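User: I have a protein model open and would like to work through it in questions and answers. Please keep the reasoning short.

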Amino acid sequence: GGQHNEKLWREAVEEAYLWLFDPYANSIAEPLKQPGISCFPNPVDDVLSFRSERKIIFDTVLIFDIRGGLVKSLKKPGQNKIDVSKLLPGTYIIKGCYGVLINEGTFIKR
């Protein structure tokens, strides 16, 4: 009868919320988890071997220092190995590119 009914509000709020916002809640795109790159040996001294979870042969492999600076790039790595002997000791990010897909991993250079 137009009166505020707290019990009714508590019981109906979830259903009303879903009715009101359901079209929006289901349209939110969640980011897809990209497959990673496994690096070994890790830490590494000179030759780093790597592979993706999906066993992809990459078009390009990029290595970035921890600050995001590109330090090495390799096109069509045949054996999924890369010489890192000239890199300074530290933590690095490796990105493997295959078409529009990018896989990431990290490794430590001794």
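User: In β2, which residue is the bridge partner of S38?

Analyst: This is a predicted model, so the pairing is read from predicted coordinates. β1 covers residues 37-40 and β2 covers residues 47-52, and the two pair in the antiparallel sense over four bridges. I37 has S52 as its bridge partner in β2. For S38, the bridge partner in β2 is R51.

User: How many residues lie between β1 and β2 in their hairpin?

Analyst: The two strands pair in the antiparallel sense. Together they form a hairpin, and the number of residues between them is six.

User: In what order do the strands of the three-stranded open sheet run?

Analyst: β1 pairs with β2 over four bridges. β2 also pairs with β5, in the antiparallel sense and over three bridges; V47 stands opposite D83 in β5 there. The open sheet therefore has antiparallel pairing and the order β1-β2-β5.

User: Which strands are the edge strands of that sheet, and what is the average twist from one strand to the next?

Analyst: In the order β1-β2-β5, the edge strands are β1 and β5, each of which pairs on one side only. From one strand to the next, the twist averages 30°.

User: Why is one side of β4 and of β7 left without a neighbour in the four-stranded sheet?

Analyst: Four strands form an open sheet with antiparallel pairing, in the order β4-β3-β6-β7. β4 (70-75) and β7 (101-109) stand at its edges, so one side of each has no neighbour in the sheet. The twist in this sheet averages 20° from one strand to the next. The reason asked for is that β4 and β7 each have a single partner strand.

User: Over how many bridges do β6 and β7 pair?

Analyst: One facing pair is G96 and N103, with N103 in β7. The pairing of β6 and β7 is antiparallel, and the number of bridges is nine.

User: Is L87 buried or exposed?

Analyst: L87 sits in the loop between β5 (81-83) and β6 (90-98). Apart from neighbours within four places in sequence, L87 is in contact with I63, V71, Y92, F107 and K109. The relative accessible area of L87 is 12%, and the cut-off for a buried residue is under 20%. L87 is therefore buried.

User: What distance separates the C-alpha atoms of L87 and V71?

Analyst: V71 is among the residues in contact with L87. The two are 16 residues apart along the chain, and their C-alpha atoms are separated by 8.0 Å.

User: Which residue forms a salt bridge with D45?

Analyst: A search of the whole structure finds four salt bridges. In one of them, the side chain of D45 takes part at 3.3 Å, N to O. The pair links distant parts of the chain, with D45 in the loop between β1 and β2 and its partner in the segment after β7, 65 residues apart. That partner is R110.

User: Does D45 count as partly exposed or exposed, and which does R110 count as?

Analyst: Exposed means over 50% relative accessible area, and partly exposed lies between that and the buried cut-off of 20%. D45 has 41% relative accessibility and R110 has 52%. D45 therefore counts as partly exposed, and R110 counts as exposed.

User: How far apart are the closest N and O atoms of D59 and K76?

Analyst: D59 is partly exposed at 27% relative accessibility, whereas K76 is exposed at 60%. The two form a salt bridge, with the closest N and O atoms 3.4 Å apart.

User: In the salt bridge of D65 and R67, which residue is buried?

Analyst: The side chains of D65 and R67 meet at 3.8 Å, N to O. R67 counts as exposed, at 76% relative accessibility. The other residue has a relative accessible area of 17%, which is under the 20% cut-off. The buried residue is D65.

User: What is the area of the nonpolar surface patch made by Y17, L18, W19, L20 and F21?

Analyst: Y17, one of the patch residues, lies in helix α1, residues 6-25. The secondary structure of the protein has one helix, alongside seven strands. The nonpolar patch has an area of about 600 Å².

Definitions and conventions: Residues numbered from 1 in each chain as written. Predicted model: local features only at pLDDT ≥ 70, side-chain atom pairs only at ≥ 80, totals over all residues. Heavy atoms only, no water. Buried < 20%, exposed > 50% of the residue type's maximum accessible area, 1.4 Å probe, protein only. Contact = heavy atoms within 4.5 Å. Patch = residues over 30% accessible without salt bridge, like charges linked within 9 Å, V, L, I, M, F, W, Y side chains within 5 Å. Areas by Shrake-Rupley, 256 points an atom, 1.4 Å probe, with all protein chains shown as cover. Axes fitted to C-alpha atoms, helices over the stretch in contact; angles between N-to-C directions.
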